[in-house]
Amino acid sequence: MSDNTAPNPEPQKRAHTAGAWYSKERLHEVLFGTNTPAGKRFDKILLVMVALSVFVVFIDSSVGVESPWKQVCNVLEWIFTLLFTIEYLLRLYCSKKVMQYAFSFYGIVDLLSTLPTYLAIAFSGTHYMLVLRVLRLLRLFRVFRMGGAIQQSHLLYGAIRKSTPKIAVFMLFIVVLVSILGSLMYLVEGDVNPMFNDIPRSVYWAVITITTVGYGDITPVTWAGQLISMVVMLLGYSIIAVPTGIVSSELTRAERHRRDLEKKTKKQSDGTTASAASIYCYACGHPSEDPEAVYCSRCGTLILRPNADDEQDESYNT
């Protein structure tokens with residue numbers, strides 16, 4: 001009598017599932033897939049481990065911690081380092097674009113979170129640089145779907161990037177100004193005040209005065225020196241506001257561009273997506289020819305889209 005019963009596919013399915021957990025696709029889903037349940041669980045566990053590892057470094061550096069506890073901290077540091085090293089190697093293994101991940105912000109941070117422990121074998125004290133692991137907590141924005149916060153950070157980054165040339169010129173002006181002020185104070189105070197015995201020390205005074213820090217370790221004693229000090233102090237308040245104004249201006253421009261883009265998008269016939277012609281780089285004004293482009297083809301600035309989801313943020317970060 002022949003057996004016409006169909007074979008049960010469950011054992012094969014379970015065997016396939018059990019044997020595929022280490023595949024590149026599965027590892028990529030866990031390590032990079034913040035939208036998947038497995039990826040979310042992994043990222044949350046990772047954040048807890050990062051916080052604990054930074055806490056261990058803080059405890060290890062404390063003066064009042066007894067020797068046995070320092071040994072425990074040393075063992076824990078190595079455990080965390082080995083786990084993070086395995087994680088980093090797995091990310092390289094399953095990444096679809098290895099070099100892009102390796103040289104991305106998070107890729108560099110992941111590497112720096114493991115190197116100090118190994119460097120401490122040859123160079124004493126470098127393991128305290130493990131506090132760089134705290135940068136990995138920035139994954140909170142992606143794990144908890146803080147897409148709006150990520151977009152605002154991109155706005156801030158773009159504003160600072162656009163402000164860099166202006167701030168560089170301003171800083172050059174400050175260098176020239178403190179050099180002149182330091183030389184002037186050396187001429188006024190040098191003969192009667194041993195605290196202004198050379199120009200470099202006088203320039204140091206000009207820097208701490210114009211930045212309104214005022215340590216008080218160098219003070220003028222002549223009436224002319226004190227008059228110059230008052231002028232420099234008042235000048236310092238206005239100088240501090242200049243970089244802030246430059247960055248604020250670029251932030252306002254970027255925010256205005258984002259709002260204009262939202263208005264253009266709402267006027268589209270479908271009311272849901274914007275065409276490529278209506279997407280412009282806020283940095284250089286170049287129109288995007290590709291509706292799925294993440295960066296401007298002319299200047300490389302991140303393209304900001306209204307109501308963008310976290311997929312753009314993930315492509316930017318990983």
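**Helix packing and nonpolar cores in an all-helical model**

Of the contacts in the protein with a separation of 6 or more, 57% are made by residues 24 or more positions apart. The model behind this figure is a predicted one. Its secondary structure is quickly told: twelve helices and zero strands, so that reading from the N terminus gives nothing but α-α-α-α-α-α-α-α-α-α-α-α. The protein has 318 residues, and 36% of them count as buried.

Turning to the nonpolar cores, the largest one has 15 residues. Within this core, the residues with the most contacts are V178, L181, W205, I210, V232 and I239. Three helices, α9 (147-189), α10 (199-210) and α11 (223-266), each put in at least two residues. The largest share belongs to α9, with six residues. I239 gives a good look at how this core is knitted together: leaving out residues up to four places away in sequence, I239 touches F170, I174, L177 and I210. Another core, of eight residues, lies apart from the one around I239, and V54, V56, C73 and F80 are among its members.

F80 turns up again in the surroundings of S53, a residue of helix α3 (residues 37-61). S53 has a relative accessibility of just 1% and therefore counts as buried, the cut-off being under 20%. Setting aside residues up to four places away in sequence, S53 is in touch with F80, F84 and R133.

Helix α2 (residues 24-31) packs against helix α4 (residues 67-94), their axes coming within 9 Å and crossing at roughly 125°. That angle makes α2 oblique to α4. As for handedness, the crossing of α2 past α4 is left-handed. On the α2 side the contact is made by K24, L27, H28 and L31, which meet E87, L90, R91, Y93 and C94 of α4. Sorted by type, the residues of this contact come out as five nonpolar, one polar and three charged.

V30 also sits in α2, but is not listed among the residues that meet α4. With a relative accessible area of 18%, V30 falls under the 20% cut-off and so is buried. Beyond residues up to four places away in sequence, the partners of V30 are A38, G39 and F42. A C-alpha separation of 8.5 Å links V30 with D43, 13 residues apart along the chain.

A further look at tertiary contacts is offered by Y118, which has its place in helix α7 (residues 115-119). Y118 has a relative accessible area of 31%, and because this value lies between 20% and 50%, the residue is classed as partly exposed. Neighbours within four places in sequence aside, Y118 is in contact with W78, T81, L82 and T85. One of these partners, T81, is 37 residues from Y118 in sequence, yet the two C-alpha atoms are 8.7 Å apart in space.

Taken together, the three residues picked out here for their accessibility read as follows: S53 is buried at 1%, V30 is buried at 18%, and Y118 is partly exposed at 31%.

Notes:
Residues are numbered from 1 along each chain as its sequence is written. This is a predicted model: local features need pLDDT of at least 70, side-chain atom pairs count only at pLDDT 80 or more; totals for chains, interfaces and linings use all residues. Side-chain values use heavy atoms; hydrogens and water are left out. Axes are lines fitted to C-alpha atoms, for helices over the stretch in contact, and angles run from 0 to 180 degrees between N-to-C directions. Helices (H or I, at least four residues) and strands (E, at least two) are DSSP runs, numbered from the N terminus. Angles under 35 degrees count as roughly parallel, over 145 as roughly antiparallel, 65 to 115 as roughly perpendicular and the rest as oblique. A crossing is left-handed if the near helix is turned anticlockwise from the far one by less than a right angle, and right-handed if clockwise. Contact means heavy atoms within 4.5 Å. Ala, Val, Leu, Ile, Met, Phe, Trp, Tyr, Cys and Pro count as nonpolar, Asp, Glu, Lys and Arg as charged, and the others, Gly among them, as polar. Buried means under 20% relative accessible area, exposed over 50%, partly exposed in between (1.4 Å probe, protein chains only). A nonpolar core is a set of buried Ala, Val, Leu, Ile, Met, Phe, Trp, Tyr and Cys residues joined through side-chain atoms within 4.5 Å.
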